[in-house]
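Trainee: Could you take me slowly through the cysteines of this protein, and tell me which of them, if any, are joined to one another? I would like to see where they sit as well.

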Amino acid sequence: MKSIMHKKDGTCYLCMMLHSDYSLKQTQEHHALHGAGRRKLSERYGLKVHLCFRHHTVDGGPEAVHRNAETDLSVKKEAQKAFEKRWPQLNFREIFGKNYLEEDDRWQQASGEAETELGFRFIEE
């Protein structure tokens with residue numbers, strides 16, 4: 001399935017989210033949830049983003065998802081928000097075996113604040 005989080009348009013999801021950088025660059029697909037069968041589920045539900053080398057690999061920069069647990073968690077939280085918005089009738093925790101959002105995250109999502117604070121666009125189908 002295509003990503004429900006980020007359109008493949010040459011931008012890096014984390015460059016946009018962290019630095020408001022919408023410039024075009026070479027990117028790689030990243031499954032927001034990985035390990036323990038979650039990669040296949042990420043594929044099934046479109047929980048993927050496109051990341052530049054600096055934000056993707058262990059050899060990338062200090063903010064790379066495969067190097068920085070905080071950055072990785074932020075992508076997982078955004079994946080859960082996107083999933084819950086797209087499939088409100090499904091239980092994320094039952095499917096993925098974990099809840100990445102805390103009460104503050106859920107309040108922001110319900111109030112709409114999270115969308116305006118991040119500084120980038122969400123994909124609507």
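Mentor: A residue is called buried when its relative accessible area is under 20%, exposed when it is over 50%, and partly exposed in between, with a 1.4 Å probe and protein chains only as cover. By that measure, 45% of the 125 residues of the protein count as buried. Please keep in mind that this is a predicted model, in which local features need pLDDT of at least 70 and side-chain atom pairs count only at pLDDT 80 or more, while totals for chains, interfaces and linings use all residues. Residues are numbered from 1 along each chain as its sequence is written, and side-chain values use heavy atoms, with hydrogens and water left out.

Now to the cysteines. A disulfide is a covalent bond between the sulfur atoms of two cysteines; here the pair is accepted when the two sulfur atoms lie within 2.5 Å. Under this rule the protein has zero disulfides. Cysteine 12 is in no disulfide, and the nearest cysteine sulfur to it, that of cysteine 52, is 3.6 Å away. Cysteine 12 is also buried, with a relative accessible area of 0%. For cysteine 15, the closest cysteine sulfur belongs to cysteine 12 and is 3.7 Å away, which is too far for a bond. Cysteine 15 is buried as well, its relative accessible area being 2%.

As for the surroundings, if contact means heavy atoms within 4.5 Å, then residues 24 or more positions apart account for 59% of the contacts in the protein with a separation of 6 or more.
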